[in-house]
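Hi,

Here is the structure I promised to pass on. Have a look at it first, and then read my notes below.

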Amino acid sequence: MTIIFFYLTFMPAYFYDGLENNNQFVYCREASLRAPGLGGHSGPPLHKCWDSKKRTLMKTKVPFFDLAVQFKSIEEEIKSALDEVFQTQQFILGSKVQALEETIAQYCRTRYAIGVASGSDALLLSLMVLGIGTGDEVLLPPFTFFATAGSVSRLGAIPVFVDIDPETYNIDPFKIEEKITPRTKAILPVHLFGQCADMNLLLKIAKEKNLFVIEDAAQALGAEYKPKAGSEGRRAGQIGDFGCFSFYPTKNLGAFGDAGMVVTENPVLAEKVRLLRAHGSQPKYFHKSIGINSRLDTIQAAILLVKFKYLEKWTAERQKKAKRYQLLFQDLLPSVEGLKLPSIQYQNRHIFHQYVIRVPERDRLKQFLTEEGIGTDIYYPVPLHLQECYSFLKYHRGDLPNSEKASEEVLALPIYPELTEDQQMAVIDRIKAFYKH
């Protein structure tokens, strides 16, 4: 006991709960704990401090995402930016959109960025520009949001699903070549949850087979692919022929509605995207091609320009929260078989759009956490190859086992810049409570 009290002297904000609770340090705000006779105050008994903290954690409600807190911190800037738009009455494209395009191009280290109406349209327009159409095949992972495959299908092309790496959840580059046929025209890797897919082998295959590469970087603005230590990382979006981004409200950089962006190094491709996003019209009312209506609203651009100033700060906070989760989970890892935490491949810059764990009894855990006031979500409960709308492709359960297993085990926990330490503690406390029973 003398050793424990001595240790507490130098860590006044914590008490040691290791004798009965899996060697866990538990944060205690109620008192500064110092051992009697060692220059401090005795404070309340440890069990009372623990009981108080435990009650606090059990009462803490943690939303899966809280946009209101973020808005309050920048409310006046947002209102000012919107008022400027209202005064000019310029609502479609315009100088704000151009300023955002230049900002995103510079951030992604690409020459061009073209604002569009959504991340889904960013994918669709990229495929249209590359001439992907009826009967063509596009390789992509089944463990992703529907828009990845849906954009392919809307053009009459066929999504060909390639299983994922079970550690990163991204497309497995070693399984790509076996899926290539004479009809294959492109590879569409997804940088899922904020980490870039393993691109080097994929790019090598694409070059050898003369295939286009379209990056679905909807969740990865600012992520970097860095396979070798000491090498300069390549930003998501600058690696393939096109990079496609979403500014859906819950993204790391989120609009107040739908918005998206296409980035590229190629001036010809960039100009084609600009043409097709406005019905193929150039000049006005003269149509060179059949395009779609996918222009970025000025209001959304104005909001995104305000929020962009804080993006790096917010990313750093997400990374900080992820590291804290990793530490808080350490004493649970040995006791819960099958529990896996997110991993960072190579020297990548992971921006943690989501913090996704794998757990046994996932559905029961999710229900328990919901009842305890802890928000979670499942990305994604059914892989695309098993979706009803793709039954005509004749995939069966067992065809893509890594994706199928992930869909049964993954659970996304709250992670956003404004998430507090107490909220994270509450999340972990409730997960531990579930597995102790």
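**Cavities and pockets**

The largest cavity comes to about 90 Å³ in volume. Bear in mind as you read that this is a predicted model. In total, the structure holds four cavities of 30 Å³ or more. Around the largest cavity there are 13 lining residues, and those nearest its centre are Thr168, Tyr169, Phe193, Pro342 and His350. By type, the lining of this cavity splits into seven nonpolar residues, five polar and one charged.

Then there is the largest pocket, with a volume of about 540 Å³. Its lining takes in 30 residues, with Phe145, Gln219, Ser246, Tyr248 and Lys251 lying nearest the centre. Which elements each supply at least two residues of that lining? They are α5 (119-129), α6 (147-154) and β10 (242-246). As for chemistry, the pocket lining is made up of 15 nonpolar, eleven polar and four charged residues.

**Strand β4 and its partners**

I also spent some time on β4, which covers residues 137-140. In a regular strand, side chains alternate between the two faces of the sheet. Here, Glu137 and Leu139 point one way, while Val138 and Leu140 point the other way. Are these four buried or exposed? All are buried, Glu137 included.

On pairing, β4 runs parallel to β5 (residues 158-161), with four bridges between the two strands. Within that pair, Glu137 sits opposite Ile158 of β5. To get from β4 to β5 the chain goes through α6, and this β-α-β crossover is right-handed. That is the helix you met above, as α6 also supplies at least two residues to the lining of the largest pocket.

β4 is also joined to β6 (residues 184-187), again in parallel, by three bridges. Glu137 turns up here too, standing opposite Thr184 in β6. So as you step through the model, Glu137 is a handy place to start: Ile158 in β5 stands opposite this residue, and so does Thr184 in β6.

**The chain as a whole**

How many helices and strands are there in the chain? The count is 13 helices and 13 strands. The chain has 437 residues, and 54% of them are buried. Looking at contacts with a separation of 6 or more, 71% are between residues 24 or more positions apart.

Shout if you would like to go over any of this together.

Cheers

How values were computed. Residues are numbered from 1 along each chain as its sequence is written. This is a predicted model: local features need pLDDT of at least 70, side-chain atom pairs count only at pLDDT 80 or more; totals for chains, interfaces and linings use all residues. Side-chain values use heavy atoms; hydrogens and water are left out. On a 1 Å grid over the protein atoms alone, a cavity is a set of points where a 1.4 Å probe fits but cannot get out, and a pocket is an open set with protein on both sides within 12 Å along at least five of seven lines; lining residues have an atom within 4 Å of a point. Grid points are joined across faces, edges and corners, and a volume is the space filled by probe spheres set on the points. Ala, Val, Leu, Ile, Met, Phe, Trp, Tyr, Cys and Pro count as nonpolar, Asp, Glu, Lys and Arg as charged, and the others, Gly among them, as polar. Buried means under 20% relative accessible area, exposed over 50%, partly exposed in between (1.4 Å probe, protein chains only). Two strands pair if DSSP finds at least two bridges between them. A crossover is right-handed if, with the strands pointing away from the viewer, the path from the first strand over the helix to the second runs clockwise. Contact means heavy atoms within 4.5 Å.
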